[in-house]
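Trainee: I would like to learn how to read a model feature by feature. Where do we start?

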Amino acid sequence: SFSVAQKITIIVTTTSCVALLLSSTVLIAHHITSNLVKMVEDLSTLATVVGNNIEPALSDGDQDRAKHLLSALSANSHIVSAITYNATGVPFARYDRDEISFAEAPPAVEPAGSRFLTDSLILFRPVFKGSVQIGTVYIKADLALLNQSTKRYALIALVGLIVSALL
């Protein structure tokens, strides 16, 4: 019932939409992957800075100074919580963005590294005085920024797909 011209139009339009959908999917996957890597790098840098600044407080046993230093993390709204542990793995000072994160029990110290959870990125970094490890820094960040930008990319891809299908 369709003319040859209509069939060709349908085939070309469908092929173009599939190609656009596939390329959009690849771009979104790349966006997510590169942002996950960047998040780990940024949080690792932050943990190193926190560790370097908190080392004197850990060395001196000054919990008030350590809490004050951790409170500076409130400048980054995506930091959910941060904890410094002493050399034996006992929590020394803590920062919590809100009461919900405060209600969570502090996690046990883990080896240096990072991992993603369903809704957050957690990272552990050792704190050294010279060559001796005197503590550990733990930082937990939410994934809100990543989620927002991924939704924005998906919306742009969807609009592009709809506009292409209509042309």
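Mentor: With a charge out of the solvent. This is a predicted model. Look at Glu55, which is buried yet has no salt bridge.

Trainee: Which side chain of opposite charge is nearest to Glu55, and how far away is it?

Mentor: Lys129, at 4.3 Å. The cut-off for a salt bridge is 4 Å between a side-chain nitrogen and a carboxyl oxygen, so the pair does not count.

Trainee: Where does Glu55 sit, and what is it in contact with beyond its sequence neighbours?

Mentor: Glu55 belongs to helix H1, residues 4-60. Leaving aside neighbours within four places in sequence, its contacts are Val127, Phe128, Lys129 and Ile134. So Lys129 is in contact with Glu55 under the 4.5 Å cut-off, but no salt bridge is counted for Glu55.

Trainee: Leu58 is in H1 too. Is Leu58 buried or exposed?

Mentor: Buried, because its relative accessibility is 11% and the cut-off is under 20%. Outside the four-place window, Leu58 is in contact with Tyr85, Asn86, Phe92, Val127, Ile134 and Gly135. Take Tyr85: 27 residues from Leu58 in sequence, yet 8.5 Å away from C-alpha to C-alpha.

Trainee: What should I look for when I compare sequence distance with spatial distance?

Mentor: Read both numbers for each pair. Met39, also in H1, is 24 residues from Thr15 along the chain, and their C-alpha atoms are 36 Å apart. Asp98 and Glu41 are 57 residues apart in sequence and 25 Å apart by C-alpha.

Trainee: What does Met39 contact, sequence neighbours within four places aside?

Mentor: Leu121, Asp142, Leu143 and Leu146. Keep Asp142 in mind. We return to it with the salt bridges.

Trainee: Now the nonpolar interior. How many residues are in the largest core?

Mentor: The largest nonpolar core has 24 residues. Those with the most contacts inside it are Leu43, Leu70, Leu73, Ile79 and Ile139.

Trainee: Which elements give two or more residues to this core?

Mentor: Two helices, H1 and H2 (63-71), and four strands: S1 (79-86), S2 (91-96), S4 (120-129) and S5 (132-142). H1 gives the most, with 7 residues.

Trainee: Take Leu70 as an example. What is it in contact with, leaving aside neighbours within four places?

Mentor: Val50, Ile54, Ala82, Ile83, Thr84, Ala93, Arg94 and Tyr95.

Trainee: How many residues does the second core have?

Mentor: It is a separate core of 5 residues, including Tyr85, Ile122, Phe124 and Tyr138. You met Tyr85 already, as a contact of Leu58.

Trainee: And nonpolar residues on the outside?

Mentor: Look for a surface patch. Leu155, Leu158, Val159, Ile162, Val163, Leu166 and Leu167 make a nonpolar one of about 750 Å². Val159 lies in helix H4, residues 144-166.

Trainee: Why does Val159 count as partly exposed?

Mentor: Because its relative accessible area is 45%, and partly exposed covers the range between 20% and 50%.

Trainee: How many salt bridges are there in the whole structure?

Mentor: The search finds 7. Start with Arg65 and Asp60, whose side chains meet at 2.9 Å, N to O. Asp60 is exposed at 57% relative accessibility. Arg65 is partly exposed at 33%. Both belong to a salt-bridge network together with Asp62.

Trainee: Which residues form salt bridges with Arg97?

Mentor: Asp98 is one of them, with the closest N and O atoms 3.7 Å apart. Asp142 is another, at 2.6 Å, N to O. Asp142 is in strand S5 and Arg97 in the loop between S2 and helix H3 (99-103), so this pair ties together parts 45 residues apart in sequence.

Trainee: How accessible are these three?

Mentor: Asp142 is buried, at 14%. Arg97 is partly exposed, at 34%. Asp98 is partly exposed at 30%, and it lies in the loop between S2 and H3.

Trainee: Let me compare the two buried acids. Glu55 has no salt bridge, whereas Asp142 has one with Arg97.

Mentor: That is the reading. Check burial, then check the partner.

Conventions:
Residues numbered from 1 in each chain as written. Predicted model: local features only at pLDDT ≥ 70, side-chain atom pairs only at ≥ 80, totals over all residues. Heavy atoms only, no water. Buried < 20%, exposed > 50% of the residue type's maximum accessible area, 1.4 Å probe, protein only. Lys, Arg positive; Asp, Glu negative; His and termini not counted. Core = buried A, V, L, I, M, F, W, Y, C linked by side-chain atoms within 4.5 Å. Patch = residues over 30% accessible without salt bridge, like charges linked within 9 Å, V, L, I, M, F, W, Y side chains within 5 Å. Areas by Shrake-Rupley, 256 points an atom, 1.4 Å probe, with all protein chains shown as cover.
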